[in-house]
Amino acid sequence: MDPAARRFGTRAIHAGQRPDPTTGAIMMPIFQTSTYVQDAVGSPRGGYDYARVRNPTRDALQANLAALENGRYGAAFSSGLAATEAIVKTVLNAGDHLICGADVYGGVDRMLRHVWERFGVDFDFVNTGDLDQVRAAIRPETRLIHVETPSNPTMTITDIAACAAIAHEAGAVLSVDNTFATPFLQRPLDDGADVVMHSTTKFLNGHSDMIGGALLTNSGELAEGFHFQQKTSGAIPGPFDCWLVLRGTKTLHLRMPAHCRNAQRVVDVLQGHDEVESVRYPGLESHPQHALARRQMRDFGSMVSFDLGTEERANRFAGLTEVFQLAESLGGVESLVSIPFSMTHASVPDKKKREIGLGPGLVRLSVGVEDADDLAEDIEQALARL
Ligand SMILES: *Cc1c(COP(=O)(O)O)cnc(C)c1O
């Protein structure tokens, strides 16, 4: 049976891969080559001609990720932002309109304002957690809605099925950044999204040792557009980076439950602590969209934000943790702490940051898979020394 037709954990380990037919090597080889020999002009031996266009290690990764997202097609890129840009370049023309979640990854805001605006793409940032705002932003020129759920770092949940209905009624494409949830917790294509986007840098790789991105879809037309972007714009990942993500996804179904368990433990420490003003985690009943998160996700992930009130206190906290390392990024086996206001979201205008509730006192944790007691103790001692 095709491993892509089996259950999640089996797909994670086997989909897109089979033992190497020439040697029996059980691991997918790293095809570290730029070109492939042709038997005659125009007849490449194995269907491969130049590695910007296709590479077997990349093909394996694309098939693996597509299988995990219940998609038919996958395209891997050199970063999450390169993948996002490939959606824009595939779907939009000058004069078209894009609705973008207000608190998506900070780099998307920078890309739209500093690059795509110059090319005549029109966009509105909207709180996609509020469907009325999404509907109100639709224009005749709207061709793309891009959302992130849970969002970064405010943990807003967007109703994927409802947004897909709104997009399709308007003749637009819905793309969902599934980086925070991963296909283990949430599968947007099943809910009606047209494209799933990932920064594979994060949970899919899971070990903080490469940068990459991917797009997954069931649409042959979109997939053709994404492969055209790989060939034409060239923002493709190298074979070794593809191989590192393939190794990462083999344990995704083991890492994610551990991430979620540890996050819940950390939330238990933060929740109700005297030093903490508020905690944002979709698993909390106090989260305004807890019911939606429960319906849409299998568990609540390992990203946790909490407010310490002031920039000074947030920065001090980030210097006091010992197991949680101060760094950008997320989704690795190791726990990280960051201050979104001045780190990941530094390029987002201050006014907009305040509008979406991203204050200078906000602390973001990426809870790793270390021993839960050590993580809980680390947060407790840092709060005690504030
Ligand atoms: C990191 C991240 C991105 C950008 O991905 P890169 O691989 O850093 O280019 C996009 N979306 C989310 C949610 C991210 O966390």
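**Exercise 1.** Identify the residues with the most contacts inside the largest nonpolar core.

*Solution.* The largest nonpolar core has 63 residues. A nonpolar core is a set of buried Ala, Val, Leu, Ile, Met, Phe, Trp, Tyr and Cys residues joined through side-chain atoms within 4.5 Å; buried means under 20% relative accessible area, exposed over 50%, and partly exposed in between (1.4 Å probe, protein chains only). The residues with the most contacts inside this core are Leu 270, Val 304, Phe 306, Phe 317, Val 363, Leu 365 and Ile 379.

The model is predicted: local features need pLDDT of at least 70, side-chain atom pairs count only at pLDDT 80 or more, and totals for chains, interfaces and linings use all residues. Residues are numbered from 1 along each chain as its sequence is written, and side-chain values use heavy atoms, with hydrogens and water left out.

**Exercise 2.** Determine which side chains make polar contacts with the ligand.

*Solution.* A polar contact with the ligand is a pair of N or O atoms within 3.5 Å. First, the side chain of Asp 177 has an N or O atom 2.7 Å from a nitrogen atom of the ligand. Next, an oxygen atom of the ligand lies 2.8 Å from a polar side-chain atom of Ser 199. Finally, an N or O atom in the side chain of Thr 201 is 2.8 Å from an oxygen atom of the ligand.

**Exercise 3.** Classify Trp 116 and Phe 119 as buried, partly exposed or exposed.

*Solution.* Trp 116 has 11% relative accessibility, so Trp 116 counts as buried. Phe 119 has 49% relative accessibility and therefore counts as partly exposed.

Terms used:
A polar contact is a pair of N or O atoms within 3.5 Å; within protein, one must be able to donate a hydrogen and the other to accept it, and residues adjacent in sequence count only if both atoms are side-chain atoms.
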